[in-house]
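Thanks, everyone, for making the time this morning. I would like to walk through one model with you, going from the single chain to the sheet, then to a helix pair, and finally to the contact between chains.

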There are 2 protein chains.
Amino acid sequence: MSPIPGLNTVGLLGGGVIGGGWAARFLLNGVDVILYDPDPEAPRKVEAVIANARRAYAKLTMAPLPVEGTLRFVATPEEAVIGVDFVQESAPERLDLKQSILQRASAVADPSVVFGSSTSGILPTQIQIGMHHPERLVVGHPFNPVYLLPLVEICGGDATSTAAKERAAEVYTSIGMRPLMLTKEIDGFIADRLLEAVWREALWLINDGIATAQQIDDAIRFGAGLRWSFMGTFLVYRIAGGEAGMQHFLAQFGPTLQWPWTKLMDVPDLNQELIDTIVAQSDDQANGSTIRELEELRDDCLVSVMQGLRTVGYGAGEVLADFERALFDRAPAPAVAADSAQPLKVHEIRIPTEWVDYNGHTNDSRYAQMSGDAADAFLRYLGVDADYLRGGHSYYTVESHITYAAQSHAGDVVYVTSQVISYDEKRLHLFNRMHRADDHTLISTGEHMYLHVDTVAGKAMAAPPEMIERIAAVANAQTHLERPTQAGRFVGAPR
Amino acid sequence: MSPIPGLNTVGLLGGGVIGGGWAARFLLNGVDVILYDPDPEAPRKVEAVIANARRAYAKLTMAPLPVEGTLRFVATPEEAVIGVDFVQESAPERLDLKQSILQRASAVADPSVVFGSSTSGILPTQIQIGMHHPERLVVGHPFNPVYLLPLVEICGGDATSTAAKERAAEVYTSIGMRPLMLTKEIDGFIADRLLEAVWREALWLINDGIATAQQIDDAIRFGAGLRWSFMGTFLVYRIAGGEAGMQHFLAQFGPTLQWPWTKLMDVPDLNQELIDTIVAQSDDQANGSTIRELEELRDDCLVSVMQGLRTVGYGAGEVLADFERALFDRAPAPAVAADSAQPLKVHEIRIPTEWVDYNGHTNDSRYAQMSGDAADAFLRYLGVDADYLRGGHSYYTVESHITYAAQSHAGDVVYVTSQVISYDEKRLHLFNRMHRADDHTLISTGEHMYLHVDTVAGKAMAAPPEMIERIAAVANAQTHLERPTQAGRFVGAPR
C-alpha cells in the first residue's frame, strides 16, 4: 500500500533510460510498478537505473523514504495497465509504435486512468489518435535522470481534458516533481526548443573548428550554467539590467539581435509590443522583489551551488576547492617574532549576526569554532599547509574543552591567542584564549588535543622532525608562561 | 601588500556592474584597486557591488581571506594604470570609446603590463588598434556576478602575444577564476553564442505566445539548467547515449536537426566527418570514464546542487524541501513513548556540505554545534521556550567538553541523545552522544554544564520548582544508566 493516496500501482510502457527512470522514481516513492518492454534486456537495464537511483536517494534526503514499491515485468501492454492508477508511456520515438501500444493498453485500462507520454517531440494530438478515451492522454515530458530532475512538461492534445492534465500534475507532484503546464501544443514543447538551440549552435562551433566539445562544455558549466540551475534567462537578464530593469536591458541588448553572435539568425522583430509583453511578464515574475533582493537571492544560490559541488570536487566545486587551497597557502604566518614569548595571536574575527542565538549573544558552539579556526591558523603557521595536506598528513582533533567567562555580541571583534601546553612526536596540546578586542576582556577559552595522522591510512603517526622543531621553538619561547587555570579542567570541576 | 605574488595593484577602466564586479573580486583577494570611471555615480554603484560581494564571500568560504585591498577612484584613465600590475577595461560596449581609453592608458602604463578587456562582443583585433604595445591586449570576458562566477573567456587578437594570454590566465586564476583559452577569435566568443541562441529562441516563444517568461525560466531551472551547472551539453548527451556512447547518440538524434524543434533552423551538415570529430572530442573529454561512472558523477553533482539550493529554499531546492515535507507527512507515526529510561534522542541532522573542512570531514567545531543544538532541544523539552525566555530566564552554558571518536561526512545523518549526569536548583550537567544514523557508530560526545540565569540581571538564580521537577523526572528515569566513560575527562587525561 503506497503512502500516496490514490497512487498504489502504475503501469509503465517502455523500460529504456527514461522508462527505467520513471520506474525508479515511482518505486522509491513507495508505488508499485508493472512494466512492459519487449526488449529481453529491459530488466537488466531497468535494474541498473534503479540501482543508480537508490544510490542517489540515499544521499538526497534524510526525510523518511517509504518502503520501496515492488517491480513486476509483464509480456504485453495490456497486462501492464490492468488495475493500475496511472500509466506512463516511454516507448521509442516512433508515432506508429506509440499509437499501437497506447491503443492496445487503453482498450483494457479503466477509462478513468490517465496516460502520460514521455515523448520529447511528438505532439499529443497525434499520439492520442486511435486511443480508447483519448481525452486522458497527456504528454508528461521528463528529463534525464528522471528520478532526480524535477521538471516534467505537461501538454495536452486537441482531445485532452483539463481533468487529465490536472491528474497528471497531481501524480508527478506527489513523486517530487515540478510540473510545467504548457498552454499551447508545440513541437519540442518549451525546454527542448531551448536545448535544441544550444545544441545547434554547439554543432556549428565544432563544425567551424572554433571550439572543442570540452571548451563548449566548460563555457557552460563554469558560467551561465551555474546561474541556470536556479534562475532562467529572463530573471538573470532582469538582474543584469540593474536598477533600470527589464525595459533598460531590452533597449540595451535588443540591437545585438542583429549582430552575428550566433549562426542561428532567425529572430523576431523586437518591436514595442513584444518589449511591453516581456517587461510585463518579467514584472510578474519578479513579483515585487527589488533588484538588490534578487541579487542577494542569486548570490545565495550561487554560493550554495558551488559549495554543493565542492563536496563532489567537480566543475565549479573543484575551482572553489583549488581557490581555497591557494588562500591557505597565501595566508600570512601570524605576527610572532617580537613577542613570541607571549601566547601567539593567531586569529581575529568580527562576530557575524547569524552567530547570535535566542539568548541574544554569541552561541556557545561558536567559541568552539573560533578556537578551532585559531588552532587551524596556528597549525598553518607550523607548516600544515596545502602541500602538507596533499602529502597525506594532518593533525586531527581528539578532544576539546571550552569555558565561557563573558559574552560577545554581533559586531564585536574577537581575537584568539594560542599557547602550547605540551607536545610530543604525535600529540599537540594547545590552549587558546578568546578576547574581545575593544577592552581585551577574556570571554572564552578553548583547550584542544591534536593527534598527528596519516590521512590516507587514517592512523596516528609521528610528525616529521621539522614539524617537531617548529613546535619546540614556540613551546620553548613560551616556557615561562603560567599554565592557564582553565587548562586540565573537567566539566563540573570545582572552581 | 597583496598576498598574490606580482599582483599588488590593478587598474580598472570602467566601474559599472562588470567593472564593480572586478573591483570586488580583486579587493576581496587582497589586491589594491585604482578605478577610473567618469560617471559621478560610479563610487556609489561600485560600493553596492562590493557590499554584495562581501556578503557572498562571508558565506562562500571558511578559508582565510586576506585583508581586503584598498580602493581608490581617479579622474583619468592614465592615473588608473600608472604603477599597476594588471589592467582590466570594462567600458561601455562601443569600439571608439574602448579604443580611446585604451590608447590613453597604454601610453603611460609600463609596457610589460597586460590589459584585459571585458567586452562580450567586440573582437580584440579591433580593440587593440591604436594601443601602445598592442600585443599585451587580450579579451578577458567575465560573467555576472564577476565576483562569484568562475568563467572568464580569454581571446587574443591578431597582434596579441602568447605571453599576454598566459599572464592574463595567471592573474584570473590567482583570484579564483577558471580561464577558458579560446583558440580562434570569433564574435560573441563561445559562451555568448550559446546564450544568444537560447535568448533568440526564448524571444520567439514569447513572440509567438507559446510561453511566458516564467514558463521559459522554469523550463530551464528545474531541468537542463541543473545539469548545466556542472556538465555541458556534450557530456550530458554522451551519458544519454548510454552504453552505446556518443556515436549512438548522434545516429539517434542527428535526424532531429531537420525537425521543427526550434525557430533557429540553420544547421551544419552532420556528415561522417563532423560525427567523427565530435565522437573523438567526446572520447577525449570522458578521458576513459565509463558511462556508469559518469552517471554516478552526474547524480552526485545533481544531489549536491539540489541540497545546496535547499539551504536557500529556492528553485529545485524549494521542490526538494516540499517533497521532504510530504515525505514526513506521509511517514507512519513513530512508535509512541520513546523509552525515557534511555538517553533521550533529542536532535537529528544531515551534515551540510559547508561543515566539511580541509581534512575532508566534518569540522571539529560542528560537533560542539550539534551537541549544543541537541541541548537546546532538550531544554525546549524541559520547557525553556519562547515564553520562558521572555520571562527573563534561561540556561547559559558555562563549560563544554567534546570528544571525537570517529568521522562524519557531508550527507551523513547524525542523531544526538541526551543524558542527565547531575543537577541542582541552579546547575544542569548534560552528556550528549552523537551517532551516525546508518550504523549507530558513536562519533562524538559533548558534555555541558548549564547555569540557570536571570537574563535581565545577568546573574545565576535558582530555576523554578516546575523546571526542577521536569529535570528530576528525566534524571530519575535515567538513574540506572552508567556514567559515560567520557564524562569528567579533562583534555589530555589518560584513556
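In chain A, the secondary structure amounts to 16 helices and 14 strands, and please keep in mind throughout that this is a predicted model. The radius of gyration of chain A is 31 Å, whereas the globule rule gives 23 Å for 495 residues, and because the value is well over that figure, the chain is more spread out than a compact globule. Consistent with the picture you have on the screen, the C-alpha trace of chain A spans about 95 × 55 × 50 Å along its principal axes. Of the 495 residues in this chain, 52% count as buried, and if we take the contacts in chain A between residues at least 6 apart in sequence, 69% of them join residues at least 24 apart.

Let me turn to the sheet. Chain A has an open sheet of 8 strands, whose order is 3-2-1-4-5-6-7-8 and whose pairing is mixed. Which strands stand at its edges? They are strand 3, residues 71-74, and strand 8, residues 178-181, and each has a single partner strand, so one side of each is left without a neighbour in the sheet. From one strand to the next, the twist averages 25°.

Within that sheet, strand 4 of chain A, residues 86-89, runs parallel to strand 5 of chain A, residues 115-117, and 3 bridges join the two; in one of the pairs, A:Gln88 has A:Gly116 of strand 5 as its bridge partner. Helix 4 of chain A, residues 95-108, packs on the sheet and touches strand 1, strand 4 and strand 5, with its direction at about 165° to that of strand 4. Helix 1 of chain A, residues 17-28, lies across strands 1, 2, 3, 4 and 6 of chain A, and runs at about 165° to strand 2.

For a helix pair, I move to chain B. Helix 12, residues 291-312, and helix 13, residues 316-330, of chain B pack with their axes 7 Å apart and at an angle of about 85°, and they are therefore roughly perpendicular to each other. On the side of helix 12 of chain B the contact involves B:Met306, B:Leu309, B:Arg310, B:Thr311 and B:Val312, which meet B:Ala316, B:Gly317, B:Leu320 and B:Ala321 in helix 13 of chain B. Sorted by class, that contact has 6 nonpolar, 2 polar and 1 charged residues.

That leaves the contact between the chains, where 153 residues of chain B are in contact with 151 residues of chain A. Which helix of chain B gives the largest share of the side that touches chain A? It is helix 7 of chain B, residues 191-207, with 17 residues, and that side as a whole divides into 82 nonpolar, 44 polar and 27 charged residues.

Two details of this contact deserve a closer look. Strand 10 of chain A and strand 10 of chain B, residues 393-404 in each, pair in the antiparallel sense over 5 bridges, with A:Ser400 standing opposite B:Ile402. Elsewhere, the axes of helix 11 of chain A, residues 272-286, and helix 8 of chain B, residues 213-228, come within 8 Å and cross at roughly 60°, which makes the two helices oblique. Among the residues making that contact are A:Gln281 and A:Asp284 from chain A and B:Gln214 and B:Asp217 from chain B, and by class it has 2 nonpolar, 4 polar and 2 charged residues.

How values were computed: Residues are numbered from 1 along each chain as its sequence is written. Chains are lettered from A and ligands numbered from 1 in the order in which they are written. This is a predicted model: local features need pLDDT of at least 70, side-chain atom pairs count only at pLDDT 80 or more; totals for chains, interfaces and linings use all residues. Two strands pair if DSSP finds at least two bridges between them. Axes are lines fitted to C-alpha atoms, for helices over the stretch in contact, and angles run from 0 to 180 degrees between N-to-C directions. Two residues are in contact if their C-beta atoms, placed from the backbone, lie within 7 Å. Angles under 35 degrees count as roughly parallel, over 145 as roughly antiparallel, 65 to 115 as roughly perpendicular and the rest as oblique. Ala, Val, Leu, Ile, Met, Phe, Trp, Tyr, Cys and Pro count as nonpolar, Asp, Glu, Lys and Arg as charged, and the others, Gly among them, as polar. The radius of gyration is taken over C-alpha atoms; the globule rule is 2.2 Å times the number of residues to the power 0.38. A residue is buried if 20 or more other C-beta atoms lie within 10 Å of its own, exposed if 12 or fewer, and partly exposed in between; C-beta atoms are placed from the backbone.
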